[in-house]
Amino acid sequence: MREVKCQWCGSKGVKKEMLCEAKPTGKYNKNGTEKYIRKYFHDKCYVQYEKDKAFKEKEANEFDELYLYLKDLHRLEGLSKRMIERLQDLRNGTVKYQSQKVKRYKKGVPFRDILDTYKYSEQQLHKARDYKQFESPWHEFAYFLSIVVSNINEVKERNRRLAQQDSIRTSVIKKQIQLQDEISLEVKRNKNKKDELDISSLL
């Protein structure tokens, strides 16, 4: 039986027992049929692959939103490689040990939280721009980012409280709807009983 390599774990499996993900390449064979790139996965590996793909798409979308916001904030055509590296370090939770970077993967602050904190800190950032003269876009970026980093925990706590309040509010609304439904049902039952009594009195 022909075996193929799993794109997730790297081990081989029987082809007909593997899941296949096929994507068109936009190119064609000599007979006119379209060419496809095929990836094979074990069942369990495909579940992990799908989760990872969804996570990476979410990360990319959140980074794009942050990137566009920072371009506008700093009035730049685009962020430099150095700026992006600092943002990625904050996202990954990269730390320095004995002057060396210890790189990690997505263990730091989510891009969504970084963007929320920039927005939360806007008044501070604009004041800093009014009262300080920055030598270069990089110096402004680094200074602004230091303000954002100092505010991140405060914003995360605020978001946690808001989420908790939303959860409580949703729970209260659900209980109110449930109570209203129970009252409506009881009223309907009582009306049905009254109608039955009225009919029986005429018999």
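Is Lys58 partly exposed or buried, and what is its relative accessible area? In this predicted model, Lys58 is partly exposed, with a relative accessible area of 47%. The account below sets that residue in its surroundings, beginning with the chain as a whole.

## The chain as a whole

The protein chain contains five helices and six strands. Followed along the sequence, these elements form the pattern β-β-β-β-α-α-β-β-α-α-α. Of the 203 residues in the protein chain, 24% are buried. The protein chain exposes about 15400 Å², and carbon and sulfur atoms supply 51% of that area. Among contacts in the protein chain with a separation of 6 or more, 49% are between residues 24 or more positions apart.

## Helix α1

Helix α1 covers residues 43-74, a run of 32 residues. From its first C-alpha to its last, helix α1 reaches 47 Å, which is close to the 46 Å expected at 1.5 Å a residue. Its buried residues are Cys45, Tyr49, Glu59, Glu62, Phe63, Leu66, Tyr69, Leu70, Leu73 and His74. Just after helix α1, Arg75 takes a positive phi of about 55°.

## Nonpolar cores

The largest nonpolar core has 23 residues. Those with the most contacts inside this core are Leu66, Leu70, Leu73, Leu87, Ile114, Tyr118 and Phe141. At least two residues of the core come from each of α1, α2 (81-92), α3 (111-120), α4 (122-131) and α5 (137-202). Helix α5 gives the most to this core, with seven residues.

Another core, of seven residues, lies apart from the largest one; among its members are Cys6, Phe41, Cys45 and Tyr49. Two of these names, Cys45 and Tyr49, also appear among the buried residues of α1.

Leu87 offers a view of the contacts around one member of the largest core. Leaving out residues up to four places away in sequence, Leu87 touches Phe63, Leu66, Leu70, Leu79, Phe111, Ile114, Phe141 and Leu145.

A polar residue, Asn151, has its place in helix α5. Asn151 counts as buried because its relative accessibility is 8%, below the 20% limit for that class. When neighbours within four places in sequence are set aside, Asn151 is in contact with Thr117, Tyr120, Ser121 and Gln124.

## Salt bridges

Side chains of opposite charge can pair when their charged atoms come close. The structure holds nine salt bridges, including the three listed here.

| Salt bridge | Distance, N to O |
|---|---|
| Lys58 and Glu62 | 2.9 Å |
| Glu65 and Arg112 | 2.7 Å |
| Glu157 and Arg161 | 3.8 Å |

Lys58 and Glu62 are separated by about one helical turn, because they stand four residues apart in helix α1. An α-helix has 3.6 residues a turn, so residues three or four places apart point the same way. Within the pair, Lys58 is partly exposed at 47% relative accessible area, whereas Glu62 counts as buried at 10% relative accessibility.

The side chains of Glu65 and Arg112 meet in a salt bridge of 2.7 Å, N to O. Glu65 lies in helix α1 and Arg112 in helix α3, so this pair ties together parts that are 47 residues apart in sequence. Glu65 counts as partly exposed, at 33% relative accessibility. Arg112 is partly exposed as well, with a relative accessible area of 30%.

Glu157 and Arg161 both belong to helix α5, where they are four residues apart, about one turn of the helix. Glu157 is partly exposed, with a relative accessible area of 32%, and Arg161 counts as partly exposed at 40% relative accessibility. Elsewhere, salt bridges that share partners join Glu21, Glu50 and Lys53 into one network.

## Cysteines

The structure holds zero disulfides. Cys6 is in no disulfide, and the nearest cysteine sulfur to its own, that of Cys9, is 3.8 Å away. This pair does not qualify because a disulfide requires sulfur atoms within 2.5 Å. At 1% relative accessibility, Cys6 counts as buried. Cys9 is likewise in no disulfide, its nearest cysteine sulfur being that of Cys6. Cys9 is partly exposed, with a relative accessible area of 41%.

Terms used:
Residues are numbered from 1 along each chain as its sequence is written. This is a predicted model: local features need pLDDT of at least 70, side-chain atom pairs count only at pLDDT 80 or more; totals for chains, interfaces and linings use all residues. Side-chain values use heavy atoms; hydrogens and water are left out. The expected span of a helix is 1.5 Å times one less than its number of residues. Buried means under 20% relative accessible area, exposed over 50%, partly exposed in between (1.4 Å probe, protein chains only). A nonpolar core is a set of buried Ala, Val, Leu, Ile, Met, Phe, Trp, Tyr and Cys residues joined through side-chain atoms within 4.5 Å. Contact means heavy atoms within 4.5 Å. Accessible areas come from the Shrake-Rupley method with a 1.4 Å probe; for residues, only the protein chains shown count as cover. A salt bridge is a side-chain nitrogen of Lys or Arg within 4 Å of a carboxyl oxygen of Asp or Glu.
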